[in-house]
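Student: I'm new to this one, so could you take me through a single part of it up close? I'd like to hear about the surroundings of the ligand.

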Amino acid sequence: MFKRVPGTKDILVQEVYSWQEIEKISRSVFSIFNYCEIRPPVIEDASLFNRSLGEFTEIVQKQMFLIRNQEDLYALRPEGTASIVRAYVENNLDKTAGLKKFYYMGPMFRLERPQKGRLRQFHHIGIEVIGSSQAEVDVEVISLADKLLKSYQVSGYEIKINTLGCVKDKKELVNLLQKDLRGKLDSLCPECKVRFDHNILRILDCKNESCKKIIEELSIGDRHLCEDCKNHFKRVLTGLDALKIKYEVLPTLVRGLDYYTQTVFEVKHKDLGSQDAIGAGGRYDNLVKELGGEQTGAIGFAFGVERLMLVSKLQNQKIPKNLVFVITLGDEAKAQGLVLLNNLRNAGIPADTDYEGKSLKGAMRLANDLEAKYVLILGDNEIKKNVVMLKDMASGEQKEIGISNLISELRSNS
Ligand code: HAM
């Protein structure tokens with residue numbers, strides 16, 4: 001027997017229904033905020049991610065699903081932002097008027113060690129806004145994340161927010177950290193010792209207790225931030241306050257991808273255990289230029305759908321059942337039953353039948369198992385009279401009804 005690849009999931013019928021609900025809600029909220037869907041491919045040149053996420057990030061170093069094809073090296077996308085910026089630049093989307101507000105839904109791939117909430121194929125529902133550096137856009141984006149979470153019926157989440165500052169400020173922060181941490185290298189965890197040389201900012205959000213203590217003692221504050229970046233962040237927080245969106249400023253929040261500048265944020269949920277981020281995002285004002293476009297501001301976020309599902313009240317939605325089950329008795333009825341089934345479906349009424357020639361009792365049992373709302377019984381008697389027997393499965397009530405009235409009767413009861 002074949003088994004699924006570790007870190008992947010079969011999303012089965014009941015669960016798919018809840019996913020569809022989440023997707024439906026998302027599309028409706030996105031449309032209210034004037035976002036349009038974009039669907040880039042799931043496979044890209046691997047170098048796109050090296051360039052955007054950063055050569056020394058964990059994803060690029062350890063987690064890319066790579067596909068070698070003669071001279072080309074492709075990657076299954078580990079995230080959506082790089083692909084969307086690539087699509088924006090390649091399709092000259094900057095040449096049309098207005099802010100570009102995209103949303104996307106789909107699978108992402110990271111070669112991680114699987115555990116609860118951490119998969120190798122997982123799904124994002126995300127957005128990217130390209131074309132503005134204004135702080136009010138950050139407010140819109142965070143308020144959209146908040147609105148979605150409420151619409152997904154998630155409660156108890158926390159929004160953590162920070163600013164990394166512009167590229168110059170980030171460099172300044174790196175310099176400060178190098179200076180402050182050089183003498184404390186021996187007390188850092190083995191991973192942070194490696195990070196010190198190539199990815200020092202990630203030391204700030206290391207979960208190791210001894211690293212955390214060292215970072216706390218540094219009191220990072222906003223020494224590295226320029227006035228413009230401080231003002232930008234102040235405007236973001238003022239906007240969130242005005243919209244009554246709760247957040248906590250977390251100066252150690254840095255995120256694991258190199259493209260971020262200025263505002264970064266994460267949505268956490270305590271019920272998720274160690275993988276506690278439902279979603280995350282931030283500004284990436286230099287990425288469009290980095291990938292060959294004009295200099296322009298951009299910001300976005302993505303939710304991990306599998307993690308969302310673990311905390312959403314929509315996770316066990318009952319599938320509504322409006323099925324009409326047609327049971328035929330005898331050969332003539334079988335032929336007419338097919339026409340009846342077809343007429344019901346053409347009228348938009350969900351309908352099905354038993355093709356296996358079960359007895360009346362067996363077919364009724366099947367209708368019951370399928371949670372049919374109605375059963376229609378068609379036998380020689382009914383054919384003679386041009387009627388069907390209609391049984392309401394909830395009440396057990398049964399009545400004869402003329403074929404010509406059937407569809408309007410079913411519609412009036414649905
Ligand atoms: P990210 O933080 O890498 O950001 O991923 C966003 C969310 O995807 C995480 O908060 C988590 O819920 C989910 N996620 C990540 N990895 C896994 C995994 N292995 N298994 C299950 N869920 C996972 C990004 O990808 C950025 N592109 C977000 C963004 C959009 N920033 C700006 N625009």
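Tutor: Sure, let's start with the strands. β6 (121-130), β10 (277-283) and β11 (298-304) each put at least two residues into the shell around the ligand. The largest share comes from β10, which gives six residues. Keep in mind as you look that this is a predicted model.

Now for the shell as a whole. The ligand is surrounded by 27 residues, and the closest are Glu79, Glu112, His124, Tyr260 and Ala277. Sorted by class, the shell has 12 nonpolar residues, along with eight polar and seven charged ones.

Two of those closest residues, His124 and Tyr260, are worth zooming in on. In His124, an N or O atom of the side chain sits 2.8 Å from an oxygen atom of the ligand. With Tyr260, it's a nitrogen atom of the ligand that lies 2.6 Å from an N or O atom in the side chain. Then there's Gly300, where the backbone does the job: one of its polar backbone atoms is 3.4 Å from a ligand nitrogen. As for how wrapped up the ligand is, on its own it has 650 Å² of accessible area, and the protein covers 95% of that.

While you're at Tyr260, have a look at the second largest pocket too. Tyr260 is among the lining residues that lie nearest the centre of that pocket, together with Lys170, Leu201, Asp258 and Tyr259. The pocket has a volume of about 530 Å³, and α6 gives the most to its lining, with five residues.

Technical notes. Residues are numbered from 1 along each chain as its sequence is written. This is a predicted model: local features need pLDDT of at least 70, side-chain atom pairs count only at pLDDT 80 or more; totals for chains, interfaces and linings use all residues. Side-chain values use heavy atoms; hydrogens and water are left out. On a 1 Å grid over the protein atoms alone, a cavity is a set of points where a 1.4 Å probe fits but cannot get out, and a pocket is an open set with protein on both sides within 12 Å along at least five of seven lines; lining residues have an atom within 4 Å of a point. Grid points are joined across faces, edges and corners, and a volume is the space filled by probe spheres set on the points. Helices (H or I, at least four residues) and strands (E, at least two) are DSSP runs, numbered from the N terminus. A residue is near a molecule or strand if one of its heavy atoms lies within 4 Å of it. A polar contact is a pair of N or O atoms within 3.5 Å; within protein, one must be able to donate a hydrogen and the other to accept it, and residues adjacent in sequence count only if both atoms are side-chain atoms. Accessible areas come from the Shrake-Rupley method with a 1.4 Å probe; for residues, only the protein chains shown count as cover. Ala, Val, Leu, Ile, Met, Phe, Trp, Tyr, Cys and Pro count as nonpolar, Asp, Glu, Lys and Arg as charged, and the others, Gly among them, as polar.
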